[in-house]
Amino acid sequence: MPVLECAVHWAVPADEAHMRDLLDDGERERYERFMRAEDKARFVTGRFLARTVLSEATGLAPRDIRFTTDCPHCGGAHGKPRLPGSGLDFSLSHSAERVVLVLSDGPEVGVDVEQESDRDVDRLGEMVLSAPERDVLMALPPDQRRRGFHAYWCRKEALLKATGHGLAAPMTAIHVSAPGEPAEVLSWDDDKAVSPVRLADLTPGPGYAASLAVLTARPLKITETPVA
Ligand SMILES: CC(C)(COP(=O)(O)OP(=O)(O)OC[C@H]1O[C@@H](n2cnc3c(N)ncnc32)[C@H](O)[C@@H]1OP(=O)(O)O)[C@@H](O)C(=O)NCCC(=O)NCCS
């Protein structure tokens, strides 16, 4: 089976005039609505990164790249960004000082990066992990639990972003391999969209977790640009 090439591009948030210039009207309105400078920077960097990478892949000028963002649940303009007619799929994620874009040559892709923060892992675990996964996490030495929790989180959110469900679907219904084991989706209760899927962990640098999911049976060949 031929490998599927997945290009992972990392960026650090910035908010510069040449990046803002490429936003379309809807994006500009959204940019203006963000209250915090760091949210503006993550948003504009993500869309700039997407335009830069997709411009290179398609030959379109960055300014001519117009994303659709139709929500599969309600039709509103807050779903997964897509570039119709390109034959490509991509996914964006941002957290703290990281912005990441993954490009796939066709099959649906999802990516998630999370800063490993001091969240209440016990409480969030109830919303994110299945009962056996919570047992695995609690069996880890206390100083490894935060990292383990974020590994689980990213693996699941990457899958939900590949399918386009987003957080509208419960994370506890997804069962993934344990932190430290090769990333793999084991099962997904009452859902079928999961097969076939490839999952992989990325290298976002210290203090972060990141994973990607691709709806394909083909083995992945992942290339990552280093975090700047
Ligand atoms: C997608 C989602 C999981 C992102 O969560 P997050 O951890 O806050 O943010 P991330 O940084 O990882 O990802 C955000 C990016 O995901 C992309 N995205 C948005 N919705 C998406 C979806 N449904 N599927 C995949 N990707 C999505 C966008 O590129 C977005 O960044 P941008 O708008 O700045 O370009 C979350 O926003 C979500 O669940 N949205 C959909 C909720 C929904 O469908 N509700 C029902 C409404 S009717």
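**View 1. The annotated N-terminal domain in the predicted model.** An unreviewed UniProt entry annotates residues 18-102 as "domain: 4'-phosphopantetheinyl transferase N-terminal". The model shown is predicted. Helix makes up 40% of the span and strand 14%. The C-alpha atoms at its two ends are 22 Å apart.

**View 2. The shell around the ligand.** The ligand is surrounded by 22 residues. Lys80, Ser93, Lys161, Gly166 and Leu167 are the closest. Two or more shell residues come from each of α3 (37-58), β2 (89-95), β4 (109-115) and α6 (142-163). With four residues, β2 gives the most. Sorted by class, the shell holds ten polar, seven nonpolar and five charged residues.

**View 3. The open sheet that includes β2.** Four strands build this sheet, in the order β2-β3-β1-β9. Their pairing is mixed. At the edges are β2 and β9 (220-224), each paired on one side only. On average, neighbouring strands are turned by 20° against each other, direction ignored.

**View 4. The pairing of β2 with β3.** β3 spans residues 98-104. The two strands, β2 and β3, run antiparallel and share seven bridges. Strands of a sheet pair through backbone hydrogen bonds. Leu92 sits opposite Leu101 of β3.

**View 5. Helix α3 packed on the sheet.** α3 touches three strands: β1 (4-11), β2 and β3. The direction of α3 makes about 30° with that of β3. α3 also gives two or more residues to the shell around the ligand.

Terms used
Residues numbered from 1 in each chain as written. Predicted model: local features only at pLDDT ≥ 70, side-chain atom pairs only at ≥ 80, totals over all residues. UniProt positions renumbered as here; feature names shortened; annotations may be inferred. Near = placed C-beta within 6 Å. Nonpolar A, V, L, I, M, F, W, Y, C, P; charged D, E, K, R; others polar. Pairing = 2+ DSSP bridges. Axes fitted to C-alpha atoms, helices over the stretch in contact; angles between N-to-C directions. Contact = placed C-beta atoms within 7 Å.
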